[in-house]
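Welcome, and thanks for taking a look at this one with us. Below is a short briefing to read alongside the sequence and the structure.

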Amino acid sequence: MNTTDRKDKMHAISLAGLIMLALITSGGAWADQELIKQGEETFKINLGGIITQSNTSLRLDSSSGQSRAVDLEDAGLSEDSTGFLGWATWRFAAKHRIGLQTFSIQRNGTKTTTQTIELGDNVVPAGTTLSAESEAQFLIANYQYSFVKNDSLELAGMIGLYGARFKFRFDATSPVVDVDKSTDVPLPMLGASLDYFVNPRWTVSLFVEAMKMKIGDVDGRLYYGGVSTDYMLTRHFGLGIGFTLSDLEVDVTGDFQGQLDWRTNGLFVYAQARF
């Protein structure tokens, strides 16, 4: 990422933070109405945007054996991307919740290679102008049971499924390169979440999930966590900001045949609705 792009992103992040701070500090000026008690809402819906920074290593094995891993950012993919983020929680009983989250990360780039790259049965020599594309789609579902729930905080255990689909494409004309690979990564997860109710309007939340398991063609491990804070401006509407980290490493057999090591961090802002 060049200096201008970094300054633009930091300016956008700072502006979003200042806007949210201004709205929070002026929240008392909004219509005075009874708030939904913290931890008593039936539905919580968050919609917003996310700025992510990724570090990705990919190994596509050839028919003759294991290949060398490729740093995709060195191969031309941009480190940063922006996208849509949405998640919802249904509290169907006082201590029981079901959550669903979805987001995607799309990146592309073109670069002249400085060293030989192996992509399956394709050997890309140094000096090749290589175009790379990556798309990652995520759908995360979980069930939460609250072991501790009072007026100050809610501590819950989590069990869920982390579902991801990764697509990679590489193209070059001299020499000709046409690689198009994709794989699904379904991993169960265990974790915990904590919601701290600062006051009737303001909540600080954090979560952490992890798992290492082999399922079918996928042998992987995952660490996923984040922290966020939101502030209710009215009975049903609020704003929030947060930060997330993830670290995924999977070995895949079958058609994909290789290894993916994907690390990312993301800053997100969102609007929240509670009912």
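In which strand is Ile-98 found? Ile-98 sits in strand β4, which covers residues 96-112. Please keep in mind that this is a predicted model. The points below go from the whole chain to the core, then to the surface and to one serine.

**Overall make-up**
- The protein chain holds 1 helix and 13 strands.
- Following the sequence, the order of elements is α-β-β-β-β-β-β-β-β-β-β-β-β-β, with the helix ahead of the strands.
- The chain has 275 residues, and 41% of them count as buried.
- When contacts between residues at least 6 apart in sequence are considered, 65% join residues at least 24 apart.
- About 13700 Å² of the protein chain is exposed, and carbon and sulfur atoms supply 58% of that area.

**The largest nonpolar core**
- This core has 42 residues, and the members that touch the most others are Phe-138, Tyr-162, Phe-166 and Phe-170.
- Strand β8 (residues 153-173) is the element that gives the most to this core, contributing 6 residues.
- Phe-170 is worth a visit in your viewer: beyond its neighbours within four places in sequence, Phe-170 contacts Leu-58, Leu-72, Leu-119, Leu-130, Ser-131, Ala-132, Val-177, Asp-178 and Val-179.

**A nonpolar patch on the surface**
- Eight side chains to select together are Phe-43, Ile-45, Leu-47, Phe-84, Trp-90, Phe-92, Ile-98 and Phe-275, which make a nonpolar surface patch of about 760 Å².
- Strands β1 (43-60) and β3 (80-93) each supply at least two residues of the nonpolar patch.
- Ile-98, from β4, is also a member of the patch.
- Why is Ile-98 classed as partly exposed? Its relative accessible area is 38%, so Ile-98 falls between the cut-offs of under 20% for buried and over 50% for exposed.

**Ser-205 and its surroundings**
- Ser-205 has its place in strand β10, which spans residues 202-215.
- Is Ser-205 buried or exposed? Ser-205 counts as buried because its relative accessibility is 13%, and buried means under 20%.
- The side chains of Ser-205 and Asp-195 make a polar contact at 2.6 Å.
- Setting aside residues up to four places away in sequence, Ser-205 touches Leu-194, Asp-195, Gly-226, Val-227 and Ser-228.
- Asp-195 thus appears in both roles, as a residue that Ser-205 touches and as its side-chain polar partner.

Note on methods: Residues are numbered from 1 along each chain as its sequence is written. This is a predicted model: local features need pLDDT of at least 70, side-chain atom pairs count only at pLDDT 80 or more; totals for chains, interfaces and linings use all residues. Side-chain values use heavy atoms; hydrogens and water are left out. Patches are made of residues with over 30% relative accessible area and no salt bridge: like charges are joined within 9 Å, nonpolar side chains (Val, Leu, Ile, Met, Phe, Trp, Tyr) within 5 Å. Accessible areas come from the Shrake-Rupley method with a 1.4 Å probe; for residues, only the protein chains shown count as cover. A salt bridge is a side-chain nitrogen of Lys or Arg within 4 Å of a carboxyl oxygen of Asp or Glu. Helices (H or I, at least four residues) and strands (E, at least two) are DSSP runs, numbered from the N terminus. Buried means under 20% relative accessible area, exposed over 50%, partly exposed in between (1.4 Å probe, protein chains only). A polar contact is a pair of N or O atoms within 3.5 Å; within protein, one must be able to donate a hydrogen and the other to accept it, and residues adjacent in sequence count only if both atoms are side-chain atoms. Contact means heavy atoms within 4.5 Å. A nonpolar core is a set of buried Ala, Val, Leu, Ile, Met, Phe, Trp, Tyr and Cys residues joined through side-chain atoms within 4.5 Å.
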